[in-house]
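Reader: I should like to learn how to read the features of a model such as this one. Please give the general idea first and then the case at hand.

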Amino acid sequence: MMSQQKEDALINESIDSKEKDNNQDQDVVSSDDDVIDYSVKPELYDPNLDDKDQLWIQKKRKGQYSDAVLTCPACFTTLCLESQRHEKYVTQYRAMFVLNCKIKKGQQVSSSSSSEDKGSLKRKRFRKSLAVDGESFTPVCCSVCETEVGVIDDDEVYHFYNVLPSEC
């Protein structure tokens with residue numbers, strides 16, 4: 001009988017100690033708001049950053065107006081700071097000065113359309129939008145991720161049809 005009482009006492013002690021441990025764990029838990037010190041400014045925050053970016057872009061453009069800043073649709077790399085939107089096809093742009101673009105030398109694209117023409121709808125629309133038939137174009141891709149973003153013509157004008165515009 002005595003051993004039964006000892007066993008019951010040991011079981012009760014272990015249950016009581018577990019409850020105490022659980023209560024202690026609950027007391028230690030705190031919310032993020034209690035831990036964060038809002039009196040210290042974050043080290044990566046700069047309230048003047050927008051003004052600095054605006055001055056940088058104005059310096060790069062040298063006072064020129066742009067319809068859009070163009071970026072790669074796959075990796076969001078900036079491709080062009082000064083561009084002109086196509087009059088009819090609003091998703092197409094042309095530019096003279098580009099960044100992070102690579103010309104695919106050895107590949108030619110013809111503006112004349114044929115019945116066996118394969119490719120994306122954007123490329124077909126681009127070829128259709130050209131006024132002069134027979135002009136040759138070289139594909140242009142993003143230098144970071146190799147996504148085809150447009151073409152360059154014989155006059156070294158870039159024609160973008162696969163880009164994300166950021167309105168200026």
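Reader: What share of the contacts in the protein chain with a separation of 6 or more comes from residues 24 or more positions apart?

Author: The model is predicted. In the protein chain, 52% of the contacts with a separation of 6 or more join residues that are 24 or more positions apart.

Reader: How many helices and strands does the protein chain have, and which pattern does it follow?

Author: There are 4 helices and 10 strands. Along the sequence they follow the pattern α-α-α-β-β-β-β-β-β-α-β-β-β-β.

Reader: What percentage of the residues is buried, and how much area does the protein chain expose?

Author: Of the 168 residues, 26% are buried. The exposed area of the protein chain is about 12800 Å², with carbon and sulfur atoms supplying 50% of it.

Reader: How should I read the two faces of a strand?

Author: In a regular strand, side chains alternate between the two faces of the sheet. In strand 1, residues 68–71, Ala68 and Leu70 lie on one side, while Val69 and Thr71 lie on the other.

Reader: Are these four residues of strand 1 buried or exposed?

Author: Ala68, Leu70, Val69 and Thr71 are all buried, and both faces of strand 1 are thus covered. The cut-off for buried is under 20% relative accessible area.

Reader: Which strands pair with strand 1?

Author: Strand 10, residues 164–167, runs antiparallel to strand 1 and is joined to it by 4 bridges. Within strand 10, Ser166 is the bridge partner of Val69. Strand 2, residues 78–80, also pairs with strand 1 in the antiparallel sense, over 2 bridges. Here Leu70 has Cys80 of strand 2 as its bridge partner.

Reader: What lies between strand 1 and strand 2 in their hairpin?

Author: The hairpin has 6 residues between the strands. Phe76 is located in this loop and has a positive phi of about 65 degrees, although Phe76 is not a glycine.

Reader: Why does Phe76 count as exposed?

Author: The cut-off for exposed is over 50% relative accessible area. Phe76 counts as exposed because its relative accessibility is 57%.

Reader: What is the phi of Asn100, and where is Asn100 placed?

Author: Asn100 has a positive phi near 55 degrees and is a residue other than glycine. Its place is in the loop between strand 4 (93–95) and strand 5 (101–103). With a relative accessibility of 35%, Asn100 counts as partly exposed.

Conventions: Residues numbered from 1 in each chain as written. Predicted model: local features only at pLDDT ≥ 70, side-chain atom pairs only at ≥ 80, totals over all residues. Heavy atoms only, no water. Buried < 20%, exposed > 50% of the residue type's maximum accessible area, 1.4 Å probe, protein only. Pairing = 2+ DSSP bridges. Contact = heavy atoms within 4.5 Å. Areas by Shrake-Rupley, 256 points an atom, 1.4 Å probe, with all protein chains shown as cover.
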